[in-house]
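Visitor: I should like to go through this model in a series of questions. Please show the structure before we begin.

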Amino acid sequence: MKRNENSVTIPDDVDPGRWMDLARSASADDVRRALDCPMVGEADFAALLSPAAGGVLEELAQRARARTQAHFGRTIALYVPLYLSDYCSGGCTYCGFASDRGQARHRLEPDEILREFEAIAAMGFQEILLLTGERTPKADYPYVRDAVAEAARHFAAVTVEAFPMTTEEYRGLAAAGCVGVTLYQETYDPVPYERLHRWGPKRDYVQRLAAPARVLESGIRFAGLGALLGIADPIFDVLSLYRHALQLRRRFWQSGVSISFPRVCPQEGGYVPPHPVSDRFLAQIIFAFRIAMPDVPLSLSTREQAAFRDGMAGVGISKMSIASRTTVGGYQAHNASPDGQFHVSDDRDVASFCAALEAKGLEPVFKNWDKVFR
Ligand code: SF4
């Protein structure tokens, strides 16, 4: 281990070589041991990603479903994202908001934010995720903090997915009512990371990697982790994501992590993922995480098709967004901007999605957090 300038411990063995070998060539016996083990370790997790484990995917699914039900019952927590701004100083090759894209930029002003909140609350949501691009003068820390404070007056749970902040800034978000911060590392492999993040503060790999620890140091309850699957070797990224989550759970055992599984799709600018992840392998990844981390919320967004999301709900996945807009605003029609960060594949409305969950014997939950828990 080593410490960066913020005295945050980060893994110095980001390349988990022997787990990579195991994930590529585990035997059927290795997979059996992992499935029969009540406490899955790192080697077991790697085995669950292997082709041998892919050969018994239905067994993984059954194990994942049982562990999901043991910890989350038959519930699926629902949340909705609201993009506050698409101004961005970043040059991420795979993103529709990168600063070299030509579209007009938008930022919601306080009165527009309020109208969006009212429209979203009227849809029944009690948990909202507020998003921005990288830090810019148009969408800086005070802007995000003030939006959190207003959101906390309308929703039971407010979370943020924006730019890396200092521990002090995260403390300010917590005081304003933020209970969770999501910050994907995108890829844990420093080589493609540097190539894909062409300019802007996001080029600082270490600063970004250390941010979830600062989130939890600040007193915010949850740090959301993820890798953008498809932009680099998914085995490497999934193993590193697992180890990142493990390290945070050991260090901040009073807090929590949640994990998402964003899978990159072609974007404006012609980006084609060099390491496409199939539906079958994404399912295997989700099952492996659920078996290894039975009590961690696992989330799947509307990037994915309805049929895939329905298949994963309750079989590993315990939290989902629905009725999402990936444009700035959009819940109040006149606020919508035309260009989203990514394409929404599951465009069902709240009622249709809840009906689909209930048809599977699952219970959609709009509120599973309250200020009194803080
Ligand atoms: S991924 Fe984030 S930082 Fe990168 S261009 Fe998109 S909005 Fe900006």
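**Overall form, domains and core**

Guide: In this predicted model, the protein has a radius of gyration of 20 Å, which agrees with the value near 21 Å that a compact globule of 374 residues would have. The C-alpha atoms fill a box, taken along the principal axes, of roughly 60 × 50 × 45 Å.

Visitor: What percentage of the 374 residues is buried?

Guide: The secondary structure of the protein comes to 14 helices and 11 strands. Among contacts between residues at least 6 apart in sequence, 74% join residues at least 24 apart. Of the 374 residues, the buried share is 47%.

Visitor: Which helix gives the most to the side of domain 1 that touches domain 2?

Guide: The domain assignment gives domain 1 (14–55) and domain 2 (74–369), and their C-alpha centres lie 28 Å apart. Their contact takes 13 residues from domain 1 and 14 residues from domain 2. On the domain 1 side, H1 (17–25), H3 (42–48) and H4 (51–54) each supply at least two residues. The helix that gives the most, with 4 residues, is H1.

Visitor: How many nonpolar residues does that side of domain 1 have?

Guide: The side of domain 1 that touches domain 2 can be divided by class. It has 1 polar and 1 charged residue, and its nonpolar residues number 11.

Visitor: Which helix gives the most to the largest nonpolar core?

Guide: The largest nonpolar core has 109 residues, and Leu48, Leu84, Ile128, Leu130 and Ile286 have the most contacts inside it. This core draws at least three residues from each of domain 1 and domain 2. With 9 residues, the helix that gives the most to this core is H12 (residues 279–292).

Visitor: Which residues does isoleucine 128 touch, not counting those up to four places away in sequence?

Guide: Ile128 is among the residues with the most contacts inside the largest nonpolar core. Beyond four places in sequence, Ile128 touches Tyr79, Val80, Leu82, Ile120, Ala151, Phe155 and Val158.

Visitor: Which residues lie around the ligand?

Guide: By class, the shell around the ligand has 5 nonpolar, 2 polar and 2 charged residues. The residues of this shell are Cys88, Gly90, Cys92, Cys95, Phe97, Ala98, Gly133, Glu134 and Lys202.

Visitor: Is glutamine 254 buried or exposed?

Guide: Gln254 lies in the loop between helix H11 (234–251) and strand E8 (256–260). Its C-alpha atom is separated by 43 Å from that of Gln103, 151 residues apart along the chain. Because Gln254 has 7 other C-beta atoms within 10 Å, and a residue with 12 or fewer counts as exposed, Gln254 is exposed.

Methods: Residues numbered from 1 in each chain as written. Predicted model: local features only at pLDDT ≥ 70, side-chain atom pairs only at ≥ 80, totals over all residues. Domains from an automatic or database assignment. Contact = placed C-beta atoms within 7 Å. Nonpolar A, V, L, I, M, F, W, Y, C, P; charged D, E, K, R; others polar. Core = buried A, V, L, I, M, F, W, Y, C linked by C-beta atoms within 7 Å. Buried ≥ 20, exposed ≤ 12 C-beta atoms within 10 Å, placed from the backbone. Near = placed C-beta within 6 Å. Rg over C-alpha atoms; globule rule 2.2 N^0.38 Å.
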